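Thanks for making the time this morning. I would like to take you through one structure, beginning with a detail and then widening the view.

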Amino acid sequence: MANWCSNMVEFTTNDKDKLTALQTLFEEMAAKEKVTEHGQLPPSSKGDRDWLFQIQWDGDILYYETKWSPNVEVIQEIAEHYGVGFRFDYSETGNGIYGQYTYENGVLIDTCLENEDFEQYSYNEETDDYTFEGETYEADYDILEILLERKKQNANTKN
């Protein structure tokens with residue numbers, strides 16, 4: 001059985017018509033998924049894998065799941081088709097997958113955590129919390145966001 005990767009995509013454009021078209025696309029895919037009970041790909045997709053599951057469009061943001069890992073190729077294909085950019089957050093922490101893609105002007109950047117990032121904090125089963133840099137956290141999400149933001153800042157200082 002697959003581990004599920006949670007994905008959130010915010011498309012970037014100043015053209016409201018493009019956002020409306022994207023909303024229509026994903027709402028149609030979500031409706032079809034409910035009928036077929038199968039993951040979906042956009043009609044323009046060139047591939048036959050990396051299906052979108054549990055598709056939801058909420059306030060100009062797309063939420064969905066994929067099996068095992070993010071499907072950035074499909075989202076990039078859609079962005080190119082509609083002439084938009086995106087910010088794509090993804091998470092499947094059971095396999096050490098956490099990061100963010102950005103796509104603007106034809107340039108795709110992936111900022112992701114590595115194994116050594118996940119090793120910087122620990123989980124305490126007795127207290128059901130996480131320890132990171134001497135602080136205690138109820139969930140690892142806050143820690144992962146801190147680590148990812150540091151990666152993005154380090155990447156920006158190198159440019």
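Let me begin with strand 8, residues 129–132, which is joined to strand 9 by three bridges, the two strands running antiparallel. Within this pairing, Y130 stands opposite Y137 in strand 9, and I should say at once that what you see is a predicted model, so that every value I quote is computed from it. Between strand 8 and strand 9 there is a hairpin with two residues in the connection, and E133 in that turn has a positive phi of about 50°.

If we now look at the other partner of strand 8, we find strand 7, which is joined to strand 8 by four bridges and also runs antiparallel to it. Here Y123 stands opposite Y130 in strand 8, and you will recall that Y130 also stands opposite Y137 in strand 9. Strand 7 and strand 8 form a hairpin as well, this one with four residues between the strands, and D128 in its turn has a positive phi of about 55°.

Taken together, the three strands form an open sheet in the order 7-8-9, with antiparallel pairing. Why is one side of strand 7 and of strand 9 left without a neighbour in the sheet? Strand 7, at 121–124, and strand 9, at 135–137, stand at the edges and have a single partner strand each, so one side of each has no neighbour there. On average, and ignoring direction, neighbouring strands of this sheet are turned by 30° against each other.

What lies across these strands? Helix 4, covering residues 140–158, lies across strand 7, strand 8 and strand 9, and runs at about 30° to strand 8.

Stepping back to the whole chain, we have four helices and nine strands, which follow one another along the sequence in the pattern β-α-β-β-α-β-β-β-α-β-β-β-α. The C-alpha trace spans about 50 × 40 × 25 Å along its principal axes. Of the 159 residues, 40% are buried, and of the contacts between residues at least 6 apart in sequence, 50% join residues at least 24 apart.

For those of you thinking about the surface and about charge, the chain exposes about 9700 Å², with carbon and sulfur atoms supplying 44% of that area. There are 12 positive and 34 negative side chains, and the centres of these two sets lie 8 Å apart.

How values were computed: Residues numbered from 1 in each chain as written. Predicted model: local features only at pLDDT ≥ 70, side-chain atom pairs only at ≥ 80, totals over all residues. Heavy atoms only, no water. Pairing = 2+ DSSP bridges. Axes fitted to C-alpha atoms, helices over the stretch in contact; angles between N-to-C directions. Contact = heavy atoms within 4.5 Å. Buried < 20%, exposed > 50% of the residue type's maximum accessible area, 1.4 Å probe, protein only. Areas by Shrake-Rupley, 256 points an atom, 1.4 Å probe, with all protein chains shown as cover. Lys, Arg positive; Asp, Glu negative; His and termini not counted. Charge placed at Lys NZ, Arg CZ, Asp CG, Glu CD.
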